[in-house]
Amino acid sequence: MMGVRVHRRDGERVRRLLAELGLLDTGRKIRREGEFLIFPVKGPIEGFEIVETEFEPAERRAHSYREVVEVPEELKPLLPSSFDVIGDIAIIELPEGLMEYGKAIGEAILKVHRHIRAVFAKGGKVSGEYRVRELVHLAGEERTETLHRENGIRLRLDVSRVYFSPRLATERMRIFRKSRPGEVVFDMFAGVGPYSILLAKKAELVFACDINPWAVRYLEENVRLNRTNNVVPILGDVRKVAGRVEADRVVMNLPKFADRFLREAMLSVRNGGIVHYYGFGPEEDLFSEHEGKIKAVAGELGFGVEILERRKVRPYAPRQFNIAVDFRVLK
Ligand SMILES: C[S@@+](CC[C@H](N)C(=O)[O-])C[C@H]1O[C@@H](n2cnc3c(N)ncnc32)[C@H](O)[C@@H]1O
């Protein structure tokens with residue numbers, strides 16, 4: 001087989017050149033011979049020493065667990081193409097028919113994604129006041145606590161005890177970009193602090209409330225972990241806190257029930273302040289119902305509202321989206 005022989009010191013430059021020209025045979029391993037490297041090539045190239053030699057086949061690394069998983073062929077089309085990764089824990093949503101192959105699926109994920117140490121399947125929907133879901137252990141360590149990195153902050157959390165979605169990282173960054181230095185922020189449903197700790201980088205003060213004691217325990221730990229000194233964790237029902245703070249910006253990340261807390265949000269924001277409201281909406285009419293509720297509550301309180309932005313955040317269920325509405329409150 002044909003190879004290009006170069007001195008080791010030129011290796012990286014030549015490898016790049018061959019790759020750019022489409023001449024490098026990536027199915028074969030590069031050979032080492034003392035001070036020299038021999039690159040497997042698909043054809044001759046002028047200006048280099050060409051040699052005839054043998055190359056071992058390159059081991060191709062699988063990119064997806066679906067390439068290595070052992071499940072009956074007819075079930076392969078059901079394998080999800082993606083899963084959530086929180087720290088070193090993978091959480092996958094398996095259709096009913098694949099649950100019995102959970103162990104094989106979990107092991108395939110561990111094999112292909114070396115940084116993952118534990119794999120769980122979603123055992124149901126996010127439910128209850130704390131918005132947590134049941135998890136079924138599939139493979140790897142039986143551990144549910146992890147350290148997740150997002151948007152330059154570190155978050156310790158237990159995936160079985162608190163709500164956390166890595167899919168909201170972009171949305172959190174969007175809010176961070178909109179926030180202004182020196183603001184007072186009220187994170188009404190703070191969880192382990194992904195909004196609060198990020199926003200605290202610009203804000204003067206962040207009030208971060210959650211009713212789940214585990215969430216607030218991790219929130220406090222994350223405040224320390226990120227050396228944040230302007231987040232005030234509050235354990236309890238946000239109804240008891242609302243109206244006692246006067247914020248420039250209020251975050252309402254409780255899409256399932258946020259509409260029930262609009263009064264609290266509006267009472268907690270100063271004149272001209274902004275509320276980031278989240279909800280779920282059907283594809284055919286994402287925002288009307290939510291905007292109707294926003295305007296109705298403002299009307300009852302004698303306030304005005306100005307809708308600033310409406311967005312689809314992410315798909316939530318078939319034909320349903322997690323949506324966001326940003327609005328200004330005029331008192
Ligand atoms: C969807 S999670 C969002 C958590 C966090 N903002 C995040 O992005 O990961 C909603 C959170 O609201 C909390 N929660 C629900 N009802 C509440 C209430 N009445 N008062 C305070 N927190 C509440 C839940 O415990 C949960 O942690």
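This briefing describes the surroundings of a ligand in a protein chain, followed by the annotated region and one helix residue. The model is predicted. In it, 20 residues surround the ligand, and because domain 2 (65–143) and domain 3 (163–330) both give residues to this shell, the ligand lies between them.

**Shell around the ligand**
- The closest of the 20 surrounding residues are Arg172, Phe189, Asp210, Val238 and Asn253.
- By residue class, the shell around the ligand divides into 11 nonpolar, four polar and five charged residues.

**Polar contacts and cover**
- The side chain of Arg172 places an N or O atom 2.8 Å from an oxygen atom of the ligand.
- Two backbone contacts involve ligand nitrogen: a polar backbone atom of Ile211 is 3.1 Å from a nitrogen atom of the ligand, and a backbone N or O atom of Val238 lies 2.9 Å from a nitrogen atom of the ligand.
- On its own the ligand has 600 Å² of accessible area, of which the protein covers 98%.

**Annotated region**
- An unreviewed UniProt entry carries the annotation "domain: SAM-dependent methyltransferase TRM5/TYW2-type", which covers residues 83–331.
- Over residues 83–331 the chain is 26% helix and 36% strand, with the end C-alpha atoms 44 Å apart.

**Ala215**
- Helix α5, spanning residues 213–225, contains Ala215, and this residue counts as buried because its relative accessible area is 2%, under the 20% cut-off.
- Ala215 and Leu18 are 197 residues apart along the chain, and their C-alpha atoms are separated by 53 Å.

Definitions and conventions
Residues numbered from 1 in each chain as written. Predicted model: local features only at pLDDT ≥ 70, side-chain atom pairs only at ≥ 80, totals over all residues. Heavy atoms only, no water. Near = heavy atom within 4 Å. Polar contact = N/O pair within 3.5 Å; in protein donor to acceptor, adjacent residues only side chain to side chain. Areas by Shrake-Rupley, 256 points an atom, 1.4 Å probe, with all protein chains shown as cover. Nonpolar A, V, L, I, M, F, W, Y, C, P; charged D, E, K, R; others polar. Domains from an automatic or database assignment. UniProt positions renumbered as here; feature names shortened; annotations may be inferred. Helix = DSSP H or I, 4+ residues; strand = E, 2+ residues; numbered from the N terminus. Buried < 20%, exposed > 50% of the residue type's maximum accessible area, 1.4 Å probe, protein only.
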